[in-house]
Amino acid sequence: MSLQPKGLSEIPAQTVAVARAAFPDGTLAMRVRDRLGEVFADKPFTEAFGRRGAPGLPPAVLSLVTVLQFRENLTDRQAAVMAVRAIDWKYAIGAELTDTGFDATVLSRFRTRLAEHGLERVVFDRLLEVCREQGLVGAGGKQRTDSTHVISAVRDLNRTEVAGESVRAALEALAVAAGGWLADAVDVPELAHRYEERVNGWAMPSSKTKRDRLAVVFGQDALALCRAVWAPGAPRWLREIEPVAFLRRMLVQTYYVFTDARGREVIVKRDADKEGVPPGHLRLASPYDPDARWAAKGDDLFWLGYKVQTPTTQ
């Protein structure tokens with residue numbers, strides 16, 4: 001993928017007309033574009049992109065989407081959907097009303113590029129500079145410009161979604177394969193209520209405190225279910241059920257269990273700097289395909305799936 005610096009595209013006239021008609025007073029996304037559009041440029045990201053190949057989605061657009069994504073507490077999948085269905089987001093990124101958007105994996109790949117090239121702070125330092133110039137923040141104040149915090153928050157939301165959905169998938173598989181055993185081993189009514197519907201970011205609390213608590217609940221449920229399956233009296237074949245095996249791997253990758261000073265067992269979500277997390281090529285991404293990974297081919301193609309190595313012929 002190559003980079004041809006040009007910044008945000010001019011907003012199409014039809015997009016402007018529809019957005020203004022729908023939101024006469026504007027929205028946050030529209031105000032960001034109107035007042036802070038100059039913050040989102042391509043040139044500062046030049047070193048992270050190649051000079052050859054087909055042009056990719058402009059970093060200016062991806063950085064703006066990342067900011068809006070963080071502000072709305074959205075997963076990558078949700079942010080990609082918003083870029084297609086939300087008129088004010090189309091206005092913000094300068095997209096036609098008929099624009100079909102982009103694949104959600106592009107956002108994950110963009111964050112990885114920023115981290116690998118030490119460019120996490122670029123947009124936020126520029127944002128603070130422009131805000132000062134426009135008198136939106138005062139001198140001597142304290143403004144957070146740590147975009148690593150933003151990137152981590154988005155990744156954290158995605159991990160929580162996978163954790164909850166892993167528990168739900170394992171419960172459904174066990175209910176079909178060993179319903180009687182499951183009823184005796186765990187509190188089925190409580191878990192059924194919590195995992196009745198598919199776990200996704202749309203249904204997660206907007207409060208970070210509540211989301212963190214929900215992530216712990218998912219971990220506690222996963223731990224209880226794994227302990228029941230791996231208990232001495234449980235049928236050994238239950239461990240071979242694919243969603244159950246995936247749940248155990250997810251539990252190890254995502255959570256850390258320890259005993260505190262008062263002798264209580266505590267389960268927390270793993271932190272990369274404290275408890276450690278697996279590298280991207282080993283990190284589980286979907287309970288419905290254990291081999292799926294966030295993958296890339298070259299610089300231009302990203303997907304959630306897996307690679308198959310075919311034997312070479314002599």
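Biologist: Where does R77 lie?

Modeller: R77 lies in helix α4, residues 76-85. Helices (H or I, at least four residues) and strands (E, at least two) are DSSP runs, numbered from the N terminus. Before we go on, this is a predicted model, so local features need pLDDT of at least 70, side-chain atom pairs count only at pLDDT 80 or more, and totals for chains, interfaces and linings use all residues. Residues are numbered from 1 along each chain as its sequence is written, and side-chain values use heavy atoms, with hydrogens and water left out.

Biologist: Is R77 buried, exposed or partly exposed?

Modeller: Let's start with the terms: buried means under 20% relative accessible area, exposed means over 50%, and partly exposed is in between (1.4 Å probe, protein chains only). With a relative accessible area of 43%, R77 is partly exposed. Its C-alpha atom is separated by 8.9 Å from that of N158, and the two residues are 81 apart along the chain.

Biologist: What does the protein chain contain overall?

Modeller: There are 12 helices and 4 strands in the protein chain. It has 314 residues, and 45% of them count as buried. Contact means heavy atoms within 4.5 Å. Take the contacts with a separation of 6 or more: residues 24 or more positions apart account for 68% of them.

Biologist: Which pairs show me that kind of separation in sequence, and how far apart are they in space?

Modeller: One of them is Q14 with A95, 81 residues apart in sequence and 9.9 Å apart in space, C-alpha to C-alpha. Q14 sits in helix α1, residues 13-22, and counts as exposed because its relative accessibility is 52%. Then there's R168 in helix α8, residues 147-177. R168 is buried, with a relative accessible area of 9%, and its C-alpha is 7.7 Å from that of V199, 31 residues apart in sequence.

Biologist: Where is E197, and is it buried or exposed?

Modeller: Look in the loop between α10 (188-194) and α11 (208-229) for E197. E197 counts as exposed, at 62% relative accessibility. The C-alpha atoms of E197 and E165 are separated by 9.4 Å, with their positions 32 residues apart along the chain.

Biologist: At what angle do helices α3 and α6 pack?

Modeller: For that you need axes, which are lines fitted to C-alpha atoms, for helices over the stretch in contact; angles run from 0 to 180 degrees between N-to-C directions. Helix α3 (residues 59-71) and helix α6 (residues 105-116) pack at about 100°, with their axes 10 Å apart. Angles under 35 degrees count as roughly parallel, over 145 as roughly antiparallel, 65 to 115 as roughly perpendicular and the rest as oblique. So α3 and α6 are roughly perpendicular to each other.

Biologist: Which residues meet there?

Modeller: From α3 you have P59, L62, S63, V65, T66 and Q69, and they meet V106, L107, F110 and R111 in α6. That contact divides into 6 nonpolar, 3 polar and 1 charged residues. Here Ala, Val, Leu, Ile, Met, Phe, Trp, Tyr, Cys and Pro count as nonpolar, Asp, Glu, Lys and Arg as charged, and the others, Gly among them, as polar. The buried residues of α6 include V106, L107, F110 and R111.

Biologist: Why does the span of helix α12 agree with what it should be?

Modeller: The expected span of a helix is 1.5 Å times one less than its number of residues. Helix α12 (residues 242-254) has 13 residues, so it should span 18 Å, and its end C-alpha atoms are 18 Å apart, which agrees. As for α6, its 12 residues reach 17 Å from first C-alpha to last, close to the 16 Å expected.

Biologist: Where should I look for a positive phi?

Modeller: Try N73, a residue other than glycine, with phi near 55°. N73 is found in the loop between α3 and α4, and it counts as partly exposed at 25% relative accessibility. There's also G118, just after α6, with a positive phi of about 65°.

Biologist: In which sense do strands β1 and β2 pair?

Modeller: Two strands pair if DSSP finds at least two bridges between them. Strand β1 (residues 255-259) and strand β2 (residues 265-269) pair in the antiparallel sense over 5 bridges. Y255 has K269 in β2 as its bridge partner, and F258 stands opposite V266. The two strands form a hairpin with 5 residues between them, and G263 in the turn has a positive phi of about 80°.
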